[in-house]
Amino acid sequence: MITLSVVKDFSKKPGFRYKTQSPGVSGAEFRDTLLEPKYAEAIQSQQKLQVSLDGTDGYLTSFLEEAFGGLQRKHLGENILDVIEIISNDEKHWITDIKRYVKKAFDADR
């Protein structure tokens, strides 16, 4: 299993959706620099990617939507949640929110 921790690998204070809004800590930055490469690595090695959301100061919905919904939009035709397992003991609703964003992006492709 491949692991990715937002707090350890990215930031304790994730920002807004776009790089121009939150340079270095945006949802787009997280997706492009960490989430997408780890996702590709998981597919290549036929492993699961476990993403931990715990330990941060919290998330804006725009960050989560851009990171996970955005990844799904970049990988149309596949369901990213077949590869990614989201972990959140701090706030369980973050998992539900992400699943909703991914489903919306996935369904938009159909």
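Contact here means heavy atoms within 4.5 Å, and in this predicted model the term applies to the meeting of helices H3 and H4, in which Thr61, Leu64, Glu65, Phe68, Gly69, Gln72 and Arg73 of H3 face Trp94, Ile98, Tyr101, Val102, Ala105 and Phe106 of H4. The residues of this contact divide into eight nonpolar, three polar and two charged. Helix H4 comprises residues 93-108, and the axes of H3 and H4, 8 Å apart, enclose an angle of about 40 degrees. Because angles under 35 degrees count as roughly parallel and those from 65 to 115 as roughly perpendicular, H3 is classed as oblique to H4. The handedness of the H3 and H4 crossing is right-handed.

Helix H3, residues 61-74, also packs against helix H2, residues 27-45, here with an angle of about 45 degrees and with the axes 9 Å apart. The pair H2 and H3 is therefore oblique as well, and the crossing in which H2 passes H3 is right-handed. On the H2 side, the contact is formed by Gly27, Ala28, Phe30, Arg31, Asp32, Leu35, Glu36 and Tyr39, while H3 contributes Phe63, Glu66, Ala67, Phe68, Gly70, Leu71 and Lys74. Sorted by class, the contact of H2 with H3 holds eight nonpolar, two polar and five charged residues. Phe68 of H3 is found in the contact with H2 and is also listed in the contact with H4.

One of the charged residues in the contact of H2 with H3 is glutamate 66, which is located in helix H3. With a relative accessible area of 9%, and hence under the 20% limit, glutamate 66 is assigned as buried. When residues up to four places away in sequence are left out, glutamate 66 touches Arg17, Tyr18, Gly27, Ala28, Arg31, Leu71 and Arg73. Across a separation of 32 residues in sequence, the C-alpha atoms of glutamate 66 and isoleucine 98 are 9.9 Å apart in space.

The strands form an open sheet of three members in the order S1-S2-S3, and the pairing is parallel. Strand S1, residues 2-5, and strand S3 are the edge strands, each of which pairs on one side only. Neighbouring strands of the sheet are turned against each other by 20 degrees on average when direction is ignored. Helix H2 packs on this sheet and touches S1, S2 and S3, and the direction of H2 makes about 165 degrees with that of S1.

Strand S2, residues 49-52, runs parallel to S3 and is joined to S3 by four bridges. Within this pairing, leucine 49 has isoleucine 84 of S3 as its bridge partner, whereas valine 51 stands opposite isoleucine 86 in S3. The side chains along S3, residues 84-87, alternate, such that Ile84 and Ile86 point to one face and are buried, while Glu85 and Ile87 point to the other face and are not buried.

Isoleucine 84, a residue of strand S3, has a relative accessibility of 4% and therefore counts as buried. Beyond residues up to four places away in sequence, isoleucine 84 touches Leu35, Tyr39, Leu49, Val51 and Leu71. Of these, Leu35 and Tyr39 of H2 and Leu71 of H3 also take part in the contact between those two helices. Isoleucine 84 is further separated from phenylalanine 68 by 16 residues in sequence and by 9.8 Å in space, taken from C-alpha to C-alpha.

Two loop residues complete the description. Histidine 75 lies in the loop between H3 and S3, and its relative accessibility of 18% is why histidine 75 counts as buried. The residues touched by histidine 75, again without those up to four places away in sequence, are Glu36, Tyr39 and Ile80. Glutamine 46 is placed in the loop between H2 and S2, and with 75% relative accessibility glutamine 46 therefore counts as exposed. The phi angle of glutamine 46 is near 55 degrees, which is a positive value in a residue other than glycine.

Notes
Residues numbered from 1 in each chain as written. Predicted model: local features only at pLDDT ≥ 70, side-chain atom pairs only at ≥ 80, totals over all residues. Heavy atoms only, no water. Axes fitted to C-alpha atoms, helices over the stretch in contact; angles between N-to-C directions. Parallel < 35°, antiparallel > 145°, perpendicular 65-115°, else oblique. Left-handed = near helix turned anticlockwise from the far one by under 90°. Buried < 20%, exposed > 50% of the residue type's maximum accessible area, 1.4 Å probe, protein only. Pairing = 2+ DSSP bridges.
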